[in-house]
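Open your viewer, switch on the cartoon view and keep the selection box handy. We will walk through a sheet first and then visit some unusual backbone spots.

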Amino acid sequence: MTGVADPVRAGASAETPPRSRKVSALRPDIEGLRAVAVGSVLLYHAGLAWIPGGFAGVDIFFVISGFLITSLMLREVETTGRLRLGAFWARRARRLLPASTVVLLTSALITVFCLPAGSRKDFGGDIIAAAAYVVNWRLGFREVNYLAEDVGASPVQHYWSLAVEEQFYVIWPLIIGLIVLLVARRQRRRAIFGVVLAITAVSFAWSLHYSVAWPGLAFFVSTTRAWELGVGALLAALHPVLMRRIPAVGRIVLGVLGLCAIAIVFVAYDATWPWPNVGTLLPVLGAAAVIVAGGTTGSAPGTSWLLSLRPAVWIGGLSYSLYLWHWPLLVAAHGLWGDHLRVRYTLLVVLVSVVPAWLSHHFLEAPIRHSPRWAPTARALWLGAATTATSVVIGLVVVLSFHWVHTVPLATAQQAPGAAVLLDPSDTTDWASIRSVSAMRPSPLVNDEPSVYRSADCTAAPLGKQNTICAYGPADADHVVVLVGDSKAAQWFTPVKDLAVRNGWRLEFINKGSCEFANVIRVLNGVGNPTCDAWSQWALDTAISLHPDLVLTTTRYSTAVPVGGDLSQPPTQRAMVDGLVSHWRALSAAGAVVVPLVDTPARVGGEMPECVQAHLHDLQACTYRLKDGLAVSGAPAQYAAAARLPQVHPVDLTDFICPDHTLCPPVIGNVLVYRSGTHLSDTYATTLEPMLSDRLARATNGLFGERLTDQP
């Protein structure tokens, strides 16, 4: 679901701490700071171009939560000499879980009625993970899983930040409770400060490392976010001292500087930055400065007065509800009306979300939170357990509903010849014009990927540092064939392996998802990936060391940044062509025959299986123009590179994917042509083996493959 504003950044938290009404009465400026944070994320999610760093609002919430929760626990410890963990968790359950359950139910309904049927297993699992407050880890690992690229924006994706905070609410009270047991009363605040400082420093250092090594995972996981909550906790421990030592004028200056730092992030940063990183200090320290500026009551002049204005306080009071409701409504809108809704409509959806947020706050959250009926700790904990269990059941129902989806019957192998029908002169079907088929293979609800992906040792993740190689066939084979490249190379694994087995070749498979096999710098959304660059050189050296007779390679990209180039500059086709030529020339010099498998055209504007499932009786709605598909593929760069190397002859099977040379159909020979992303389904790729053999024989002058004598 590409139309929803950057799913990786699609989350924020508006958690309100225990006794927040009492706290808010003393610190209306903090409610105003919540309004700044909630407003930034909502506008960012609506797609407003002038606030590209609005996702940083979540960092502000982490600081607020760390400060308020730690302040309340410190107050209890210093007042009573102990920390009542059960009462603390009961307040959290009473405050958070009833509204959360209602939104999870709404998200389940959105998944079933507004989103592609194939998403139910993934999003149902997300609902279960959100109910258990571990969805941040689930989303983080999905982000680094290249095979999950077809999973759109989850309607509960925004729960990731709530999960981070809930994990904090479980672990942090336990740490403070342990300190209370082990440390003398007079030394407790100092001990708490020391422990928080150590945790914060380690987490910050870890986030700097992880945001480079695993940026997708780093955005979501708790270990890289703990330091932001830790800054708020440190501020809570230091707050009495700061209030004594910082004069009113100094607090005014701090408030102005803090808001300026936050504003800089909102307008100067965007989703291409790895996050969190050093730049995350701006919103984190900015929020801390604003909190200090408000003193103990938030009544100080300057920014505190501004943040304490009634509209800001009102919005801040709704922040948790607004965060819960706005995102699933945006996902529903994109599911119903397409991925390219204009900003005016996404803004309207965000504004409309105020209605259920207000209703939820006033008729569900507040009554349960302040009702004497739910005040007893045991009863509140039972309420939390019941709502959590209910949410888990809701998620399970969504997962199970996947198996109740109506779809086209699964065709047998005999009913689904795939590309073979294009070799049959008696078959005159215009596959781009058919509206339906009686049976199909594979099901559009299944991601039909090559079997090689089932082995973690044979395919490397885009951001992983592990380099992999897998061998198939006899060690003493007469010919060694290397298949090397990104996921577009992996889509050819099955037919190439079948050819290797049939001809007695030894096949060496070298693969890393989303990484070009070329002498270039890998750039995605303006961010480099050093692991891709290192893999590309390693793959070249490894391929040469195998002394291959034939190297098959491809790439899905047509532009890149040259080695030593400026990452801030847009990638170019010339750089990609130069990079391909460099690798291909090195392989040729080592004695290998290099055959580029020309990248297959790509459908623009959504997943093909989802389109087919949604248009089972109007398959023409899923066709796309060949010209458009080639423009976004790696084919132009591959042809340009081959033109500079006379010994390199590409193999192009596009005419068996778009047989009328104008339109590309979703189904050929009762076989679904595409799976996730822009990849061929493994079933269809397998039916292309005879054509691949024929074209390979032509490209290598008969050295490899077999000719189809009836083909021109």
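Which residue in β9 is the bridge partner of V551? Select V551 and then V594, because V594 is that partner.

Before moving on, a word about what is on screen: this is a predicted model, in which local features need pLDDT of at least 70 and side-chain atom pairs count only at pLDDT 80 or more, while totals for chains, interfaces and linings use all residues. Residues are numbered from 1 along each chain as its sequence is written, and side-chain values use heavy atoms, with hydrogens and water left out.

**Stop 1: the sheet**

Now select residues 550–554, which form β7, together with β9; these strands run parallel and share four bridges. Strands here are DSSP runs of E with at least two residues, helices are runs of H or I with at least four, and both are numbered from the N terminus. Two strands pair if DSSP finds at least two bridges between them. In general, strands of a sheet pair through backbone hydrogen bonds, either parallel or antiparallel.

Widen the selection to the whole open sheet: five strands in the order β1-β3-β2-β7-β9, with mixed pairing. At its edges you will find β1 (470–472) and β9 (593–596), each pairing on one side only. Neighbouring strands are turned by 20 degrees against each other on average, direction ignored.

Next, add residues 530–545, helix α21, which packs on the sheet and touches β2 (480–485) and β3 (506–511). Contact means heavy atoms within 4.5 Å. The direction of α21 makes about 165 degrees with that of β3; axes are lines fitted to C-alpha atoms, for helices over the stretch in contact, and angles run from 0 to 180 degrees between N-to-C directions.

**Stop 2: cis peptide bonds**

Most residues other than glycine have a negative phi, and most peptide bonds are trans. Select W275 and P276 to see a cis bond, with omega near 5 degrees. P276 sits in the loop between α11 (248–268) and α12 (281–293). Then try R441 and P442, also joined by a cis bond, with omega near -5 degrees; P442 lies in the loop between α18 (377–401) and β1.

**Stop 3: positive phi**

Go to H661, a non-glycine residue with a positive phi of about 65 degrees, in the loop between α25 (635–643) and β11 (663–664). Is H661 buried or exposed? It counts as exposed, because its relative accessibility is 54%; exposed means over 50% relative accessible area, buried under 20%, and partly exposed in between (1.4 Å probe, protein chains only).

Finish at N670, not a glycine either, with a positive phi of about 60 degrees. N670 is in the loop between β12 (667–668) and β13 (671–672) and is buried, with a relative accessible area of 17%.
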